[in-house]
Amino acid sequence: MAPVYDYLQWLKHEGIMRESYITYRRVLQIIQARNLNKRLVLKCPSHALSLQTLIEIIPEAKIIFIHRNDIHKLAASEVSLITRLQAASVLEFDWWRTSKANMAKFQSYSENM
């Protein structure tokens, strides 16, 4: 899990997410083909970045937002975890730049909700 500082800007590119969700839909259909009577439950906060595209490509999706009062503590905890995982994967690590990029991702999540 090496740091990719411009990942958020890349991820926000509309065409990238559209193609990703088309593939994601196919994968989910394959997974669910064995269990037609069961509903898939997926947890992925990063979907908040592209909800409009997700709903367009997977219109039957049900979106559930869980509200937590301590969002700042949650964000800080997750950023710390991600940062430490990324630091372990490279020889030279820029703590400030990585933390700043990860906090920008959380800010983007909250703006899209």
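Two residues are in contact here when heavy atoms lie within 4.5 Å. With that in hand, let's take a friendly walk through this predicted model. Among contacts between residues at least 6 apart in sequence, 63% join residues that are at least 24 apart.

## The chain as a whole

The secondary structure consists of five helices and zero strands, so the pattern read along the sequence is α-α-α-α-α. Of the 113 residues in the chain, 26% are buried. The chain exposes about 8900 Å², and carbon and sulfur atoms supply 57% of that area.

## Salt bridges

How many salt bridges does the count come to? The answer is two.

One of them brings together the side chains of arginine 18 and glutamate 56, with an N to O distance of 2.5 Å. This pair links distant parts of the chain: arginine 18 sits in helix α2, glutamate 56 belongs to helix α3 (residues 51–57), and 38 residues separate them along the chain.

The side chains of glutamate 60 and arginine 25 also meet in a salt bridge, at 2.9 Å from N to O. Here too the pair links distant parts of the chain, 35 residues apart, with arginine 25 in helix α2 and glutamate 60 in the loop between α3 and α4 (71–87).

Buried or exposed, or in between: where does arginine 18 fall? Arginine 18 has a relative accessible area of 23% and is therefore partly exposed, because that class runs between the 20% limit for buried and the 50% limit for exposed. Arginine 25, at 24% relative accessibility, also counts as partly exposed. Its partner glutamate 60 has a relative accessible area of 45%, so glutamate 60 is partly exposed as well.

## Isoleucine 22

Helix α2 (residues 14–32) is also the place of isoleucine 22. Which residue has its C-alpha atom 8.2 Å from that of isoleucine 22? The residue is isoleucine 58, which lies 36 residues away along the chain. At 26% relative accessibility, isoleucine 22 counts as partly exposed.

The table below gathers the accessibility values for residues discussed above.

| Residue | Relative accessibility | Class |
|---|---|---|
| Arginine 18 | 23% | partly exposed |
| Isoleucine 22 | 26% | partly exposed |
| Arginine 25 | 24% | partly exposed |
| Glutamate 60 | 45% | partly exposed |

To bring the picture together, helix α2 holds arginine 18, isoleucine 22 and arginine 25. Arginine 18 pairs with glutamate 56, while arginine 25 pairs with glutamate 60.

Definitions and conventions:
Residues numbered from 1 in each chain as written. Predicted model: local features only at pLDDT ≥ 70, side-chain atom pairs only at ≥ 80, totals over all residues. Heavy atoms only, no water. Helix = DSSP H or I, 4+ residues; strand = E, 2+ residues; numbered from the N terminus. Buried < 20%, exposed > 50% of the residue type's maximum accessible area, 1.4 Å probe, protein only. Areas by Shrake-Rupley, 256 points an atom, 1.4 Å probe, with all protein chains shown as cover. Salt bridge = Lys/Arg side-chain N within 4 Å of Asp/Glu carboxyl O.
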